[in-house]
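Biologist: Please take a close look at the sheet that involves both chains, and at what surrounds it. I would like one connected account.

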2 protein chains.
Amino acid sequence: MTAPTANATLDPVLARIDADLPAALDRLMALLRIPSISTDPAHAAACVAAADWLVADLQTLGFDASRRDTAGHPMVVAHAGDSGPHLLFYGHYDVQPVDPLHLWARDPFDPVVEKTPAGEVIRGRGTSDDKGQLMTFVEACRAWKAVHGTLPARITLFFEGEEESGSPSLIPFMRENAAELTADIALICDTGLFDHDTPAITTMLRGLLGEEVTITGPRMDLHSGMYGGAAINPARVLARIIAALHDDSGRVTVPGFYDGVPELSNALRAQWDGLGFDAEAFLHDVGLSVPAGEAGRSVLEMIWARPTCEVNGITGGYTGDGFKTVLPSQARAKISFRLVGQQDPVAIRDSFRAMVRAMLPADCGVSFHGHGTSPASTMSTENPAFDAARAALSAEWPRPAAFVGSGGSIPIAGYFKDILAMDAMLVGFAKDDDLIHSPNEKYDLRSFHKGIRSWARILSALSAN
Amino acid sequence: MTAPTANATLDPVLARIDADLPAALDRLMALLRIPSISTDPAHAAACVAAADWLVADLQTLGFDASRRDTAGHPMVVAHAGDSGPHLLFYGHYDVQPVDPLHLWARDPFDPVVEKTPAGEVIRGRGTSDDKGQLMTFVEACRAWKAVHGTLPARITLFFEGEEESGSPSLIPFMRENAAELTADIALICDTGLFDHDTPAITTMLRGLLGEEVTITGPRMDLHSGMYGGAAINPARVLARIIAALHDDSGRVTVPGFYDGVPELSNALRAQWDGLGFDAEAFLHDVGLSVPAGEAGRSVLEMIWARPTCEVNGITGGYTGDGFKTVLPSQARAKISFRLVGQQDPVAIRDSFRAMVRAMLPADCGVSFHGHGTSPASTMSTENPAFDAARAALSAEWPRPAAFVGSGGSIPIAGYFKDILAMDAMLVGFAKDDDLIHSPNEKYDLRSFHKGIRSWARILSALSAN
């Protein structure tokens, strides 16, 4: 790493970011208090409130910002800057549900900064995924504007409120507003650091296929004494189907599932091996010790480069306290597939549904409710913005930035390519222990602070190109 | 069937029963309005209220009645009569939970008499199981007392409030009060007619083993993108365990499960074949068409004479609306076994638990919560009271009474034999379509009316012995 050179344009912006951190934190806290859970219809008004909060905040920054209503939760689109490259920044203001609520140490929507042995953290739903990340870019713009009176690039902000619920409005909105949204490159802040000291640009993202399967049997719940033995039990049928989805080596058995799954190139395998990833610690942090995926694969491969099939939820019959000797009339599972390479989500969905139907015994029915299909995406790192951003990140953090994969699905990256023909670059500051989607989600205060500084550096680097 | 002979003692009691039916129905309605769900701690006060209601009602009949508190819900014990045989009558005042509540056409605890194409029915939770049945005997006593000023036998009433939650207080209470409760025979009213016109005395009852299994994996719910593929999924593990509990022919695979399971005798098989049971209609009534149990067994065998293993409830991960891409940290199932012959519930429980433990992959834990063990019971029909009651029932109903089996578990029958060394006779008037344990439970008004008359006839027959 070379010693940083003085930069008369950037340095005062970084100083301003440092000085303004308490106020930036207050603004984030206000946004975090809005319970914008997109998957739950009861929280629809909160989603609108979060969008309105963003519009109001961006207007104070001089952005031409507006709430753009859709059939679902609204988008926020904002424009500012009149010279330099055109950068589109994407984030999402919606958050995951908070159940099981009793596992939270405090109200998920009453955020607080906590001192922990590993440093200060911002605790609350959405701190890391994705409000805290989204605001790193907004605060970088704010500091730049405060110092220079303008922005170093033409910037379009594009925030959605349905990322955690399958983004049903996203593609239609992008198609209808393609001219307005198309820029030189898209910047997406919804990923993480590689580790505490190593920033990352994510260049491989898994796709996602979400399916909800309901198996039906008797037309009402039955007494298991009166009918048990003679009547089909949908919970048993569902268990047999789920059990059949993997073979003993951990491979998914859906016919055709591995069509389009590439083997890792030797070059990428070597790069990943060099990252010094501590698989044991990764599992240990969540109470596990043994990789549970396909035999013969490394943990990084399992989570970045291999497809999966998981049960996200299952329910049927009596699940309350005590015991009820009932034969359930139906049982239901939410099942998701993470996809890689050229796997075709629609073909896999159809093959999965056919496999389930073929396993149904007499007297059972099945219904499927799709929760979205998105293919995997692989970024093109040939765009010079990738190397410029890597250098900018490397200047901010203790260790050089890496190009990495990600197990999570951020379908928006693929949409920018497919619909708007623009490259997308994923930069984020979340950490593996942020407990996103879980109780007690947090975001390191250091991630927030250095994240803002990172974006200022990237803005500087990209506008100098 | 012979023409009924005039009986100067019985006939005025039957007439009184007919005349008093509206008032008897009002009394039953009052008891049904008390939501005495024993398995739900939130309804403990309602269980006490139901016991108190019974004590007060029995005192108006001249019974020496008292509420007898236990570590769980109270018992009710009442004595009356000073000559003739000593008969103990058992019933239970607790009821099953009411969920899913939205499937009820009306408040389950706001009972009503409805006209239906098949006749008038009393609709509400507990109408058939077991408040309506319990009151048939009380009303028979009331009518006898009103006509004759006394009862034809020494009668002890014994009502419990934990039958639907495993009867944890029952055995200790019977042991501690053995002298008070021991009678010449126990009468139990918690079973059904064989069909609309054929009364039944149930002589074979399946036992029950209830197990709640919780599989644990990661110490918190995980993001299925970040960890999916590398982290073990307890919902998948549970599905594999459940799927392994039966083989392809429908037999239960728990080692030693079939030890002590007798084959049906040719005599009993012939008797059951002669009942004209319509298996197709039995299944059709609940929306099914194909017997789902062991290959090569008749439906009556499946539900009366064969053991089962069923999933009564399963839950894990996110089960609300929408989709949450979570890897659950645990998954749970309530699993029950119906037992026959000499199957040993404790041995089967231990074998089941060992089988589950042997299937656990690395990093998974399991905990078991027992929900009771009761062996099957077979009544001795050599006691002359059985033939006397059969004749009495045959006089009341269109067709002669039958000795039958029952798929349900009424462990009390075995306890009377084992703990108090008395025979037990199961007589009841419920019907297969009563929807017990399900939404919209009902009890035919005809069952209630002819049930009261049946008990008057049985009292007459047993006291004449």
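Modeller: Domain bounds here come from an automatic or database domain assignment. The model is a predicted one. On that assignment, chain A is split into domain 1, covering 10-205 + 377-463, and domain 2, covering 207-261 + 307-374. Between the C-alpha centres of domain 1 and domain 2 of chain A there is a distance of 35 Å. Contact between the two involves five residues of domain 1 of chain A and seven residues of domain 2 of chain A. On the domain 1 side, the touching residues comprise one nonpolar, four polar and no charged residues.

Now the sheet. It is open and has eight strands, ordered 14(A)-9(A)-13(A)-11(A)-11(B)-13(B)-9(B)-14(B), with antiparallel pairing. Strand 14 (365-374) of chain A and strand 14 (365-374) of chain B are the edge strands; each has a single partner strand, so one side of each lacks a neighbour in the sheet. From one strand to the next, the twist averages 20°.

Within chain A, strand 9 (residues 207-216) pairs with strand 13 (residues 330-339) over 10 bridges, in the antiparallel sense. In this part of the sheet, A:Ile215 has A:Ala331 of strand 13 as its bridge partner.

Helices lie across the strands as well. Helix 10 (residues 345-359) of chain A crosses strand 9, strand 13 and strand 14 of chain A, and runs at about 165° to strand 14 of chain A. Helix 6 (residues 234-243) of chain B lies across strands from both chains: strand 11 (308-317) of chain A, and strand 9 (207-216), strand 11 (308-317) and strand 13 (330-339) of chain B. Its angle to strand 13 of chain B is about 15°.

Definitions and conventions: Residues are numbered from 1 along each chain as its sequence is written. Chains are lettered from A and ligands numbered from 1 in the order in which they are written. This is a predicted model: local features need pLDDT of at least 70, side-chain atom pairs count only at pLDDT 80 or more; totals for chains, interfaces and linings use all residues. Two strands pair if DSSP finds at least two bridges between them. Helices (H or I, at least four residues) and strands (E, at least two) are DSSP runs, numbered from the N terminus. Axes are lines fitted to C-alpha atoms, for helices over the stretch in contact, and angles run from 0 to 180 degrees between N-to-C directions. Ala, Val, Leu, Ile, Met, Phe, Trp, Tyr, Cys and Pro count as nonpolar, Asp, Glu, Lys and Arg as charged, and the others, Gly among them, as polar.
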